[in-house]
Amino acid sequence: MKLRNIFTILAAALTFAFVGCQEEERFLSEVKVSSSYVALPAEGGSQTIDVTAVGAWEFTGIPEWLTVSPASGSGDATVTFTAGKAESTNEAALELVCEGAVQTINVLQMTEKLEVPISTCAEVNNGQDGVVYRVKGTVTSIANTTYGNWYLQDETGSVYIYGTLYDGAEKQFTKHGIEVGDIVTVEGPRKDYNGTIELVNVTVIEIEKSLIKVDEVSPEDATLPIEGGEFTVTLTAKGEGVTVVVPEAAQSWLSVTGVSASASTTVVTFTAAANAGGDRETELTFKTTSNGVEYTAVTALKQTGSIVECSVADFLAQPVGTALFKLTGRVAKLQTGDYGNFDLVDGTGSVYVYGLTATKVEKNDKSFPSLGIKEGDVVTLIGTRAEYNGTAQVGGPAYYVSHIGHKTATVAEFLAAAEDDTRYMLTGIVSNIAMDKNDPTKQSAYGNFDLTDETGTVYVYGLTAGPVAKNDKTFPNLGIKEGDKVTLIGTRTSYNGTAQVGGPAYYISHETPAEGGDDTGNEGGNEEGGDDEGDNTTGETGPFTSNITWTLGAGSYDGSSDTAQTGTINGEEVNNILKLGTSKAGGSATLTIPAGTVKVGFWGVAWKNKKGTLTVKAGDTTLFEKDLASNDGASSNPPYTITAADSDYYEITLDAALAADTEVTVSTTDSAPRVLLWGLNSYSK
């Protein structure tokens, strides 16, 4: 078979009319490539593949129209193929030679346009990145009228269109005249963006204008008050009748109470009940048919609700939506930057706040620094129940209500302070923990003890897991023991003339002294010492370092390995990254999680343009299993340069504090093998 015929069959199979790269790995014992086929666009451009080799390698047979960089090297590398604009189809079969082994790389730059068959939305969602798909469906909503971002839906599902071209140009979407309800056929390449399936910069093939359109709504802002009322929608409908669809989730509070039609105009009246909860909204769908074709129009309706004040635990139990919740808790893991990202912790749990602003705004305005909030401060905020990659968070963005700051002080400075509402952060050694009167073998649930630093001793009258108005008896959950070093925040009070920490005080962190004088179990701290080969005993500090130790297993590497796994992450040097897996097989390591741990946090990414599935198990129990997001910096050889997103941080919350040190296995599969982990930390809160 001639080379041209090989390429023609391949192009038809993968719809290479645009550009794509088959995500499959070709194996030789000496050299391996992430794809043995490279497709370049007719107008010119670049594509990359990953090369993994045991030694020196070189490409041969490179034609004049193609640039390969690098064309030779040693070990792992990312290779870029670049071509200028082509007047006719170019094709080449390059040879990648490594220690006598030869891997063929087929390169195609096709100028002939291939007719792409129409696929369903389901086929796109279950399809392959880089492949061009043609889909036909109804426009259900338009998110951006500059670039042309919108949702297309057919009978099998929905696909997000991210960018719509007009005569090949961007930012010309309005020239198409596309409206909600139109039936549109588009063509473009598929992309999985953090779990959202998109067709990117699509070309519009055909527009069939809808026979039903929303002309007017009343009230004009489509928002009803908290006490309820009527909402009317005026439609132009040129089909055979009008069908009104109220989503099942809204039927308990919204009903159709009137429909009137004259000529091509239809007016539908809805009645909403009073709203006893938070803000709520729904989408109303109107349908008409003509010659067997169904046309739709959609409009949104909102109803104002009350702001629900609740605990973190109650917030986590709520469904994702637009309802507003008021939360109060202490600030933990405050991230650098202007967006106001942190964990909010109260006595019932912890939740990630994805952005806090000074006032209620549609988009984060980077006003967080003006609030002067510090780690450990108590913040009251309002936000929505949101979610990212299955993890709950406060969204909106959340906006500021109030906060209570604190001062850092020694015990002596605290004792000298006046009795008022000022809050102080104190750090000291715990002694004389009060015991339960009914069971002297157990600690009192109230958390009463002496706190001592180098300047003196003060009595702590009650310590809680989070800031509360009244002691909620959460002290036993903290796992604090005699001799632990505790950081807390409380007010200067007294009893019968004797100074004490009141409030009640609330917990920030604690450290448990290890045998030999080393500190272990500290939140965000480090463990030094240990003789086991493969333990992470670097003793380094920083935002992405680890306080959990591990032992390397098959196919795993870290900072102590021959190819030391180090890098720069968000500008910070990290000298001990845990790498699991190779290009051919998965890897594993065994973590030792210290007693008292209630939560484990870590950062992780998958290899560039690859799938990496991480599984965390304690014995036969699976604690965590997820596909980590691929990262362009996770490629080639260390040191890595990685830009990590907030979504690359994960937490595993245990049902109860560990009673003893526990071994946990982290592993990857042969089919999704390579991931990088760092900042593995245990927390006792």
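What percentage of the contacts in the protein with a separation of 6 or more is accounted for by residues 24 or more positions apart? Keep this in mind for the opening exercise. The model is predicted.

**Exercise 1. Get an overview of the protein.**

Task: describe the chain by its contacts, its elements, its extent and its burial.

Solution.
- Step 1. Take the contacts with a separation of 6 or more. Residues 24 or more positions apart make up 63% of them.
- Step 2. Look at the elements. The protein has 52 strands and four helices.
- Step 3. Turn to the extent. The C-alpha trace spans about 90 × 80 × 45 Å along its principal axes.
- Step 4. Check burial. Of the 685 residues, 46% are buried.

**Exercise 2. Trace a sheet of four strands.**

Task: find the order of the strands in the sheet that holds strand 18, and say which strands stand at its edges.

Solution.
- Step 1. Read the order. The sheet is open and runs 18-24-23-20, with mixed pairing.
- Step 2. Find the edges. Strand 18 (223-224) and strand 20 (243-245) each have a single partner strand, so each has one side without a neighbour in the sheet.
- Step 3. Start from strand 18. Two bridges pair it with strand 24 (residues 293-303) in the parallel sense. Here Thr223 has Lys302 of strand 24 as its bridge partner.
- Step 4. Move to strands 24 and 23. They run antiparallel and are joined by eleven bridges. One pair is Thr282 with Leu301 in strand 24.
- Step 5. End at strand 20. Its pairing with strand 23 (residues 280-290) is antiparallel, over three bridges. Thr243 is matched with Lys287 in strand 23.
- Step 6. Inspect the turn. Strands 23 and 24 make a hairpin with two residues between them. In that turn, Asn291 has a positive phi of about 55 degrees.

As background, strands of a sheet pair through backbone hydrogen bonds, either parallel or antiparallel.

**Exercise 3. Place two threonines of the hairpin.**

Task: are Thr288 and Thr296 buried or exposed, and what do they contact?

Solution.
- Step 1. Locate them. Thr288 lies in strand 23, and Thr296 lies in strand 24.
- Step 2. Apply the cut-off. Buried means under 20% relative accessible area. Thr288 has 1% relative accessibility, so it counts as buried. Thr296 is at 11% and therefore counts as buried too.
- Step 3. List contacts of Thr288 beyond four places in sequence. Among them are Leu211, Ile212, Gly239, Glu240 and Gly241. Val293, Glu294 and Tyr295 are also in contact with Thr288.
- Step 4. Pick out a polar atom pair. A polar atom of the Thr288 side chain lies 3.2 Å from the backbone nitrogen of Glu240.
- Step 5. Do the listing for Thr296, again beyond four places in sequence. Its contacts include Thr138, Val180, Gly181, Ser210 and Ile212. Thr285, Phe286 and Lys287 are also in contact with Thr296.
- Step 6. Look across the chain. Thr498 is 202 residues from Thr296 in sequence, and their C-alpha atoms are separated by 74 Å.

**Exercise 4. Explore a cavity.**

Task: which residues line the second largest cavity, and which element gives the most to its lining?

Solution.
- Step 1. Count the cavities. The structure holds three of 30 Å³ or more.
- Step 2. Choose the second largest. Its volume is about 40 Å³.
- Step 3. Name the lining. It consists of Asp50, Val51, Thr52, Asp76, Ala77, Thr78, Trp607, Ser635, Ser636 and Arg674.
- Step 4. Assign elements. Strand 4 (45-53) and strand 8 (77-83) are the elements that give two or more residues to the lining of this cavity. Strand 4 gives the most, with three residues.
- Step 5. Sort by class. The lining has four polar, three nonpolar and three charged residues.

**Exercise 5. Examine another hairpin.**

Task: how many bridges pair strand 47 with strand 48, and which turn residue takes a positive phi?

Solution.
- Step 1. Count the bridges. Strand 47 (residues 612-618) and strand 48 (residues 621-628) pair over seven bridges, in the antiparallel sense.
- Step 2. Find a partner. Lys617 is bridged to Thr622 in strand 48.
- Step 3. Check the turn. Two residues lie between the strands, and Gly619 takes a positive phi near 65 degrees.

**Exercise 6. Classify a loop residue.**

Task: where is Gln128 placed?

Solution.
- Step 1. Gln128 sits in the loop between helix 2 (121-125) and strand 12 (132-144).
- Step 2. Its relative accessibility is 25%, so Gln128 counts as partly exposed.
- Step 3. Ser34 is 94 residues from Gln128 along the chain, and their C-alpha atoms are 15 Å apart.

Note on methods
Residues numbered from 1 in each chain as written. Predicted model: local features only at pLDDT ≥ 70, side-chain atom pairs only at ≥ 80, totals over all residues. Heavy atoms only, no water. Pairing = 2+ DSSP bridges. Buried < 20%, exposed > 50% of the residue type's maximum accessible area, 1.4 Å probe, protein only. Polar contact = N/O pair within 3.5 Å; in protein donor to acceptor, adjacent residues only side chain to side chain. Contact = heavy atoms within 4.5 Å. 1 Å grid on protein atoms, 1.4 Å probe; cavity = no way out; pocket = protein on both sides within 12 Å on 5 of 7 lines; lining within 4 Å. Points joined across faces, edges and corners; volume = space filled by probe spheres on them. Nonpolar A, V, L, I, M, F, W, Y, C, P; charged D, E, K, R; others polar.
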